[in-house]
Amino acid sequence: MNIILLGPPGAGKGTQARRLVEERGMTQLSTGDMLREARSSGTEMGKRVAAVMDRGELVTDEIVIGLIAEKLDSGGGGFIFDGFPRTLAQADALGALLDNMGQRLDAVIEMRVDDEALVARIAARSTCAGCGEVYNDISRPIPADGRCVKCGATEFTRRADDNADSLRQRLMEYYKKTSPLIGYYHAKGQLSVVDGLGEIDAVSAEIKAVLDKA
Ligand SMILES: [Zn+2]
């Protein structure tokens with residue numbers, strides 16, 4: 001099963017993707033991770049990636065699609081596309097690649113959120129310095145004893161770029177570039193919408209319902 005999670009920064013894509021990895025054995029394909037991995041792999045493709053990045057240029061869609069093709073080839077329990085596609089051209093390229101490999105896109109899930117509610121939520125977010133577990137002053141506070149429930153660490157960080165202005169800017173970017181994808185996948189009958197501002201468990205349940213029907 002292959003799926004795309006769409007949603008603005010802070011909508012909780014990372015948290016939900018991690019759950020899908022744990023519970024369904026899916027593989028998360030993050031463009032950033034793939035590029036870093038390719039770079040250090042020393043393969044032909046890796047050398048191309050390194051050369052482009054060293055020149056300070058953006059990696060082309062063709063390269064990213066090539067990296068995705070290598071991953072799809074390696075099998076696994078299905079893929080979660082994270083951060084790709086971002087544009088209609090990339091969506092077309094990904095569709096063609098999956099077709100060529102005899103695979104399909106089973107669901108595109110939009111984690112829909114209200115902008116102002118998202119700004120408030122992100123400002124309230126902190127991350128365990130020990131294990132990366134995410135807390136939120138409003139919906140999931142750090143326990144009263146000040147210890148992470150997962151690893152017991154007592155240090156938590158707030159992302160510097162989580163301030164309201166930079167978030168509004170990133171939201172604008174997302175809507176400008178990515179909103180056409182929502183229409184694109186809706187027209188193909190592949191789009192499902194979940195409430196990205198719900199409790200983490202409630203969002204997981206909504207996503208599970210979508211995947212069970214896919
Ligand atoms: Zn922790």
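# Close-up views of a predicted model

The protein has eight helices and eight strands. With a radius of gyration of 18 Å, close to the 17 Å that the globule rule gives for 214 residues, the protein is as compact as a globular protein of that length. Please keep in mind throughout that this is a predicted model.

**View 1. The whole protein, before we zoom in.** Taken along the principal axes, the C-alpha atoms fill a box of roughly 50 × 40 × 35 Å. Of the 214 residues, 39% are buried. The exposed surface comes to about 11,300 Å², and carbon and sulfur atoms supply 51% of that area. Charged side chains number 27 positive and 32 negative, and the centres of these two sets lie 1 Å apart. Now consider contacts between residues at least 6 apart in sequence: 67% of them join residues at least 24 apart.

**View 2. Strand 1 and its covered residues.** Strand 1 spans residues 2-6, and five of its five residues are buried, which leaves the strand mostly covered. Follow the side chains along the strand: Asn2, Ile4 and Leu6 point one way, while Ile3 and Leu5 point the other way. Residues on both sides are buried. Strand 1 pairs with strand 3 in the parallel sense over three bridges. Strand 1 also pairs with strand 4, again in the parallel sense, over four bridges.

**View 3. Asn2, a good place to begin in strand 1.** Asn2 belongs to strand 1 and counts as buried, with 3% relative accessibility. Across in strand 3, the residue opposite Asn2 is Phe79. Which residues does Asn2 contact, leaving aside its neighbours within four places in sequence? They are Gly78, Phe79, Phe81, Leu98, Gln103, Arg104, Leu105, Asp106 and Ala107. Ile80 makes a nice example of how the fold brings parts of the chain together: Asn2 and Ile80 are 78 residues apart along the chain, yet their C-alpha atoms are separated by 6.0 Å.

**View 4. Strand 4, with partners in strand 1 and strand 8.** Strand 4 covers residues 107-112, and five of these six residues are buried, so the strand is largely enclosed by the rest of the structure. Strand 1 pairs with strand 4 over four bridges. Two places help you find this pairing: Ile3 has Ala107 as its bridge partner, and Leu6 stands opposite Glu110. Strand 4 is also joined to strand 8 (residues 191-195) by five bridges, and these two strands run parallel. Glu110 appears here again, this time with Val193 of strand 8 as its bridge partner.

**View 5. Thr178 in helix 7.** Helix 7 runs over residues 164-187 and includes Thr178. Is Thr178 buried or exposed? Thr178 counts as buried, at 5% relative accessibility. Not counting residues up to four places away in sequence, Thr178 touches Leu6, Arg86 and Glu173. Leu6 is a residue you have already met, as one of the buried residues of strand 1.

**View 6. Ser74, out in a loop.** Ser74 sits in the loop between helix 4 (61-73) and strand 3 (79-82). With a relative accessibility of 57%, Ser74 counts as exposed. Met101 is 27 residues away from Ser74 along the chain, and the C-alpha atoms of the two residues are separated by 12 Å.

**View 7. An open sheet of three strands.** The strands in this sheet have the order 6-5-7, and their pairing is antiparallel. Strand 6 (134-136) and strand 7 (156-157) stand at the edges, each with a single partner strand, so one side of each is left without a neighbour in the sheet. Strand 5, residues 125-128, is joined to strand 6 by three bridges, and the two run antiparallel.

**View 8. Ser126 within strand 5.** Look for Ser126 in strand 5. Ser126 is buried, with a relative accessible area of 3%. What is the bridge partner of Ser126 in strand 6? The partner is Tyr135. If residues up to four places away in sequence are set aside, Ser126 touches Glu133, Val134, Tyr135, Ile142, Phe156, Thr157 and Arg158.

Key
Residues numbered from 1 in each chain as written. Predicted model: local features only at pLDDT ≥ 70, side-chain atom pairs only at ≥ 80, totals over all residues. Heavy atoms only, no water. Pairing = 2+ DSSP bridges. Rg over C-alpha atoms; globule rule 2.2 N^0.38 Å. Buried < 20%, exposed > 50% of the residue type's maximum accessible area, 1.4 Å probe, protein only. Contact = heavy atoms within 4.5 Å. Areas by Shrake-Rupley, 256 points an atom, 1.4 Å probe, with all protein chains shown as cover. Lys, Arg positive; Asp, Glu negative; His and termini not counted. Charge placed at Lys NZ, Arg CZ, Asp CG, Glu CD.
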